[in-house]
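Please open the model in your viewer and keep the sequence panel beside it, since each stop on this tour begins with a selection to make.

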Amino acid sequence: MIALQQPTQSGWNIIGHEHAIDLLRRTLAAQQVRHAYLFTGPEHIGKTLLAHRLAQTLLCTGGPDPQVAPQAPCNECLSCRKVLHGNHPDLHIIARPPDKQFIVIEQIRALQSDSARKTMEGRRNVFIVQGAHEMNLLAANCLLKTLEEPESDVVLLLTAPDPGLLLPTIRSRVQQISLHLLTAAQIKAALEKKWHVEPDEAALIAALAAGRMGWAVQAAEDEDLLIERKAQLETLARLPTFGNVQRFEIAQRLSADAEKARAVLELWLLWWRDMVLAVHQCLDLTVNVDMRQTLKQQALHVGNGESERMVRAILDTMEALDQNVNTRAALEVLMLDVPTIKM
Ligand SMILES: [Zn+2]
């Protein structure tokens, strides 16, 4: 979901990522838009939002010369409004279907036939390939053909967490723009000003967001997200006191939904990173600011070696899940890695 916001003077209407927007503005001003861009950065940092804003700018007809893309979307012309409402005929979104493991070749073939067609309304045909790392090899090779011989009016906007997840042949044909984490202060200020979140809650969300504005917006708009997080963390905090039967029950429950398992593992990763910090008496650097007391207590029972081992084990499990190993088996192995403590 793309959070729609009210227009601001900059038109781009994005919190942070000034370096990326400056670069794109200069490119647009010089009328030197490339055929393909790759936006990279962690989940929920704003890659897809930025790709949408660039697409909107490329299609915007509100500039001084309607034949030329302005340096920022006007947010008012018919074209901009169609993009914002998700119904511009020249903007095509490609993403992994929820019931599939990959972006498949049929989707890229559709992209190719759409890109060969004349644009319906705008100056360009813009394609956003969201999560381009989720293309399987066939699809990736098919996309490569489009990148090698692009139609003159086609712009491809790819997003991926890390450029290393794409084929080198694809990487070499796109301009990479990496997005960086925002500071907690930037996120807190934006939540208060634009989403009217109370200062205390904004501070908590900003700390938990760990630099990801998209996550912060989700948390501000969806109360259940924070409630769910708290419940997950409380289970996590009790896990070292559980025997194997209880641990395997949790693994089984989590494995029912692979997507959710992945989100829970991200939470676990932050938790055990916090534990490493707590063990080293750097509690003030922990992300889970509302759980510092629990972290402090557990750190007394968990050694430095054990907490670092857990961080590695969680990263290994995430990697295994990306490679489609059996979710339940992978989580059960991880459960056995959780240190045992008697509280
Ligand atoms: Zn416009």
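The stops below go from the whole chain to its domains, then to a sheet and to two pairs of helices.

Begin with the whole chain, bearing in mind that this is a predicted model, and colour it by pLDDT: the mean for the protein chain is 91, and 97% of its residues reach 70 or more. Now select residues 1-9, where pLDDT stays under 50 and for which the model has ten contacts beyond four places in sequence.

Next, colour the chain by its domain assignment, which gives domain 1 as 18-178, domain 2 as 181-221 and domain 3 as 225-337. If you place a marker at the centre of domain 1 and another at that of domain 2, taken over C-alpha atoms, the two are separated by 27 Å. Where these two domains touch, six residues of domain 1 are in contact with five residues of domain 2, and the side contributed by domain 1 divides into three nonpolar residues, two polar and one charged.

Turn now to the open sheet, in which five strands follow the order E2-E3-E4-E1-E5 with parallel pairing. Select 91-94 and 175-178 to find its edge strands, E2 and E5 respectively, each of which pairs on one side only; as you look from one strand to the next, the twist averages 20 degrees. Within the sheet, select residues 36-40 together with residues 154-160, that is, strands E1 and E4, which pair in the parallel sense over five bridges. Show the side chain of Phe39 here, and you will find Thr159 of E4 standing opposite this residue. Then add residues 47-59, helix H2, which lies across E1, E2, E3 (125-129) and E4, and which runs at about 170 degrees to E4.

For the first helix pair, select residues 244-255 (H11) and residues 327-337 (H15), whose axes come within 9 Å and cross at roughly 145 degrees, H11 passing H15 in a right-handed crossing. On the H11 side the contact is made by Arg247, Phe248, Ile250, Ala251, Gln252, Leu254 and Ser255, and on the H15 side by Thr327, Arg328, Leu331, Glu332 and Met335. Colouring these residues by character shows six nonpolar, three polar and three charged.

Finish with residues 258-279 (H12) and residues 292-299 (H13), two helices that pack at an angle of about 65 degrees with their axes 9 Å apart. Here too the crossing, that of H12 past H13, is right-handed. Which residues of H12 meet H13? Select Asp274, Met275, Ala278 and Val279 in H12, and you will see them meet Leu295, Lys296, Gln298 and Ala299 in H13; by character, the residues of this contact divide into five nonpolar, one polar and two charged.

Notes
Residues numbered from 1 in each chain as written. Predicted model: local features only at pLDDT ≥ 70, side-chain atom pairs only at ≥ 80, totals over all residues. Axes fitted to C-alpha atoms, helices over the stretch in contact; angles between N-to-C directions. Helix = DSSP H or I, 4+ residues; strand = E, 2+ residues; numbered from the N terminus. Left-handed = near helix turned anticlockwise from the far one by under 90°. Contact = placed C-beta atoms within 7 Å. Nonpolar A, V, L, I, M, F, W, Y, C, P; charged D, E, K, R; others polar. Domains from an automatic or database assignment. pLDDT = per-residue confidence, 0-100. Pairing = 2+ DSSP bridges.
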